[in-house]
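Dear colleague,

I am passing a structure on to you, and below it you will find my notes on what came out of it. Please read them with the model open beside you.

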Number of protein chains: 2
Amino acid sequence: METSMLDPEEKSKADSRERIIHTTTGLFLEKGFAGTSMSTIAKACDMTKASLYYHFSGKEDLFIACVTHGYATALNALTVIVADTSLTAEQKLRAAITALYETTITSPVGRMSPLIAEVSRAFPKVALSFHTEYIEPQREALWQIVEDGVAKGVFAPVDQNQFFHIAFGPIVTLSLSREMFATFDDLDTYFPVDALRVGHTDVLLGMLRPGT
Amino acid sequence: METSMLDPEEKSKADSRERIIHTTTGLFLEKGFAGTSMSTIAKACDMTKASLYYHFSGKEDLFIACVTHGYATALNALTVIVADTSLTAEQKLRAAITALYETTITSPVGRMSPLIAEVSRAFPKVALSFHTEYIEPQREALWQIVEDGVAKGVFAPVDQNQFFHIAFGPIVTLSLSREMFATFDDLDTYFPVDALRVGHTDVLLGMLRPGT
DNA sequence: GTCTATATCCTGATAGAC
DNA sequence: GTCTATCAGGATATAGAC
């Protein structure tokens, strides 16, 4: 019925949704899940609570939307690197690690990891979605780079779980630490991201170095 | 006044405090800070809310008590290892890493890191105390082992921040992941702590191996 | 699709008896 | 030191007009 009018309405509705998600993500990152009330969200979105409930069925639904929204963007950089045939295995690994630092520390979905831990017991399906739709694809992309290098003989084979442990562990902890100590005035000198990333990459390449 | 009666009263008061702290720590770990109400705490302690407020000035005070309570215990294992003159530098490092896994993953204060991140913006002094009283002593203990080994020529010198990044990163992330995915039924096969610890220790010793 | 107004419940915290 | 009783406020969520 009146399909000609449906498109612009749908578009404006989708725009509102996206605007709400964007604003709310910032609030969640700043104050945590439980620390952010629907009233606060409504005010920040220049709306009333009732309008929020028109777009989202509840606070949990809104949170899931915020988390899920960033998946594709954050994963995109990684998939592009894996598919780039002009790079050597080592170049791919270096680029992938750089991308992981970038997304984990600066992208909303990466910075939201502690929040997901916060709500994971109340909403197990949030943790599950985070795992299957975000963590696993990251691991698979990184592992594909490693396996390609091994197949070409430029990387030594490594245990998958142990490699992931050393590859992702420092990055996630760095992100968590920076969130936890966000009030420190000398955050960047205390956590010098670029220097840590370079040293970390060397360690990973050391694990993969053939010989001995 | 009536000093002879004061001791048992003080003792029972201290016992109550400790019992409350112990019970509440479990609740915070299970449901997060904001997810745990004073009513819930009171019920779990077989008390009324009013009695809780006799022992603690408020929810924040109680939380700080829970976090602070575990510092000494968790740090103790590490200081014992550092002081043990019968061990070689490599043995000390192995023992220290094992102790770090143990305390970070199983001790309340270690498992509470995500909670501290949750409340750090609302209560910056909690994050500050965590840093100066728990994180820094851990780093200092580990660094003393490294420096001793370097002085004796069995370890190669390394950059402090980069070493900490690789040493603590995987452990903290492992703890966070296990909290986040606590609902998984195959938690120990997905995060095989002992195997990851062994591989991690090898990586750290590789960073410290003298000669190129 | 956004509003005003309201329902219902739970929160942290306190007063005062015992 | 623990209780009963209660407060004032804020939480999520909904009803219904426009």
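Of the atoms of DNA strand C within 4 Å of the protein, what percentage belong to sugar or phosphate? For this strand the share is 57%, and the rest of those atoms belong to bases. Please keep in mind throughout that this is a predicted model.

Let me begin with DNA strand C. It has 18 residues around it, of which A:Lys13, A:His55, B:Met38, B:Lys49 and B:Tyr53 come nearest. Several contacts go to phosphate oxygens of this strand: a polar backbone atom of A:Thr48 is 2.9 Å from one, an N or O atom in the side chain of A:Tyr54 is 3.1 Å from one, and, from the other chain, a polar side-chain atom of B:Lys59 lies 3.0 Å from one. The elements that give two or more residues to the surface near DNA strand C are helix 1 (3-31) and helix 3 of chain A, together with helix 2 (38-44) and helix 3 of chain B. Helix 3 of chain A gives the most, with four residues. When the residues of this surface are sorted by class, six are nonpolar, eight are polar and four are charged.

I turn now to DNA strand D. There are 18 residues around this strand, and A:Met38, A:Lys49, A:Tyr53, B:Lys13 and B:His55 come nearest. Of the atoms of DNA strand D that come within 4 Å of the protein, sugar and phosphate account for 55%. One contact reaches a base, in that a polar side-chain atom of A:Lys49 lies 3.0 Å from a base nitrogen of DNA strand D. Chain B, for its part, has side chains by the phosphates: an N or O atom of the B:His55 side chain is 2.8 Å from a phosphate oxygen of this strand, and for the side chain of B:Ser51 the corresponding distance is 3.1 Å.

Which helices supply at least two residues each of the surface near DNA strand D? They are helix 2 (38-44) and helix 3 (49-55) of chain A, along with helix 1 (3-31) and helix 3 (49-55) of chain B. Helix 3 of chain B provides the largest share of that surface, namely four residues. By class, the surface near DNA strand D holds six nonpolar, eight polar and four charged residues.

With best wishes

Methods:
Residues numbered from 1 in each chain as written. Chains lettered and ligands numbered in written order. Predicted model: local features only at pLDDT ≥ 70, side-chain atom pairs only at ≥ 80, totals over all residues. Heavy atoms only, no water. Near = heavy atom within 4 Å. Polar contact = N/O pair within 3.5 Å; in protein donor to acceptor, adjacent residues only side chain to side chain. Nonpolar A, V, L, I, M, F, W, Y, C, P; charged D, E, K, R; others polar.
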